[in-house]
Amino acid sequence: MLNYIKSELYRAFHSGEIRETAMVITLLVFLMNLILYLFSGMEHFRYGTTSFSYSMLVAGPMIYCYVAGDVTVMLYESDKRNGTRGNSIACGISRLEIFAGKCIVSVVTALGILLIAIPVYIASAAFLLPKEGPVEVRDLLMEIPAVSLVGVAAVVLAVVLLEVLNKVLVSILVWCGLLVFIPKALLLVGMYLADQWDVLLNIARWIPANFFSIEMQVNMSKCITIWDAPEGMAKCLISGGIGILVFGVVGVLLLRKRDI
């Protein structure tokens, strides 16, 4: 399994798509800060500050999940089509080892892109824009550990769906449904039934896509993040850990059935 992970990491970091993705994300965050700087000289333009720049990411923690999921799809969407997975199985690597290896490689690759883009994001904002407003670089840096396990859970789910489902588009739609659309629907139904039955609402409040939106206020006048408080940070980590456990167990059970 270790050799499989090494070979996949080599393939990931020599992949043109991955390099292009890292370059595009890094370029985009730099251009965003450059545009804010260029427009900051205009009268009544209030957005040319580090606070507004940082808030673009702090206000949307699920962006980390979307990037991680996109990296996973880029790495493994063609495995069935080009026979890569079949070759690995023929070499004596089990489906479960392949599953674990893909999760590890996807997480490491996404982390590598993050380690390139975030310093450029922070440095360009600090150099080009005045330090004003409620959102500080600390909020952005604390967001990374808070969202870390949630992002890993998103990767595990993406790998499970790519392994189990035959169509990449179907995998993407199901992934979006499980992470975003269904949680939002549960929240709405839970709020509607809260007076008669509050269990559903309590469950919905523990899903990242929901608590990242309803338990945070990040705008031009205030910055209230869920990870500011110890119990909020714990909620992020516990929720992400539960996601990893649930998606991982489901993946193991489904792949064991295929081996049988």
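# Contacts, core and salt bridges

Colleague: Leaving out residues up to four places away in sequence, which residues does Met220 touch?
Modeller: This is a predicted model, so local features are only read where pLDDT is at least 70. Met220 sits in the loop between E1 and E2, and its relative accessible area of 31% makes it partly exposed. With sequence neighbours up to four places away set aside, its contacts are Arg46, Tyr47, Phe52 and Pro134.

Colleague: And how far apart in space are Met220 and Ile172, C-alpha to C-alpha?
Modeller: Along the chain, Met220 and Ile172 are 48 residues apart. In space, C-alpha to C-alpha, the distance between them is 33 Å.

Colleague: Let's go inside. Which helix gives the most to the largest nonpolar core?
Modeller: That core has 62 residues, and the ones with the most contacts inside it are Phe212 and Trp227. The helix that gives the most to it spans residues 137–164 and supplies 15 residues, and that is H8.

Colleague: Trp227 caught my eye. Which residues of charged type, Asp or Glu, are among those it touches?
Modeller: Trp227 is one of the two residues with the most contacts inside the core. Ignoring residues up to four places away in sequence, it touches Val58, Pro61, Met142, Ala146, Phe212, Met216, Gly232 and Met233, and also Asp139 and Glu143.

Colleague: Asp139, then: which side chain of opposite charge is nearest to it?
Modeller: Asp139 is found in helix H8 and, leaving aside neighbours within four places in sequence, is in contact with Val58, Pro134, Cys223, Trp227 and Asp228. It is buried yet has no salt bridge. A salt bridge needs nitrogen and oxygen within 4 Å, whereas the nearest side chain of opposite charge is 4.2 Å away, and that is Arg138.

Colleague: Which residue does Arg138 form a salt bridge with?
Modeller: Arg138 is partly exposed, at 44% relative accessibility. Its partner is also partly exposed, with a relative accessible area of 36%. The closest N and O atoms of the pair are 3.3 Å apart, and the partner is Asp228.

Colleague: Where in the chain is that partner, Asp228?
Modeller: The Asp228–Arg138 salt bridge has its closest N and O atoms 3.3 Å apart. The pair links distant parts of the chain, 90 residues apart, with Arg138 in helix H8 and Asp228 in the loop between strand E2 (223–224) and helix H12 (230–259).

Colleague: How many salt bridges does the structure hold?
Modeller: Asp228 with Arg138 is one of them, and Glu215 with Lys235 is another, at 2.6 Å between the closest N and O atoms. Glu163 and Lys102 also meet in a salt bridge. The total for the structure is 4.

Colleague: For the Glu163 and Lys102 salt bridge, what is the N to O distance?
Modeller: Both Glu163 and Lys102 are buried. Their side chains meet in a salt bridge with an N to O distance of 2.5 Å.

Colleague: How many residues apart in sequence are the parts tied together by Glu163 and Lys102?
Modeller: The two side chains form a salt bridge. Glu163 lies in helix H8 and Lys102 in helix H7, so the pair ties together parts whose separation in sequence, in residues, is 61.

Colleague: In the Glu215 and Lys235 salt bridge, is Lys235 buried or exposed?
Modeller: Glu215 counts as partly exposed, at 30% relative accessibility. Under 20% is the cut-off for buried. Lys235 has 12% relative accessibility, so it counts as buried.

Colleague: Why is helix H3 said to be largely enclosed by the rest of the structure?
Modeller: What covers its buried residues includes helix H2 (16–39), helix H4 (62–76), helix H7 (95–128), H8 and strand E1 (217–218). The buried ones are Thr50, Ser51, Phe52, Ser53, Tyr54, Ser55, Leu57 and Val58. H3 is largely enclosed because, of its 9 residues, the number buried is 8.

Colleague: What relative accessibility does Thr72 have?
Modeller: Thr72 is found in helix H4. Not counting residues up to four places away, it touches Glu77, Ser106, Val155, Ala158, Val159 and Leu162. It counts as buried, with a relative accessibility of 0%.

Colleague: Last one, on the surface: how much accessible area does the nonpolar patch with Phe39 and Met42 have?
Modeller: Phe39 is in helix H2 and is partly exposed at 39%, while Met42 is in the loop between H2 and H3 and is partly exposed at 46%. They form the patch with Leu27, Phe30, Leu31, Ile35, Tyr37 and Leu38. Together the patch residues have an accessible area of about 750 Å².

Definitions and conventions
Residues numbered from 1 in each chain as written. Predicted model: local features only at pLDDT ≥ 70, side-chain atom pairs only at ≥ 80, totals over all residues. Heavy atoms only, no water. Core = buried A, V, L, I, M, F, W, Y, C linked by side-chain atoms within 4.5 Å. Buried < 20%, exposed > 50% of the residue type's maximum accessible area, 1.4 Å probe, protein only. Helix = DSSP H or I, 4+ residues; strand = E, 2+ residues; numbered from the N terminus. Contact = heavy atoms within 4.5 Å. Patch = residues over 30% accessible without salt bridge, like charges linked within 9 Å, V, L, I, M, F, W, Y side chains within 5 Å. Areas by Shrake-Rupley, 256 points an atom, 1.4 Å probe, with all protein chains shown as cover. Lys, Arg positive; Asp, Glu negative; His and termini not counted.
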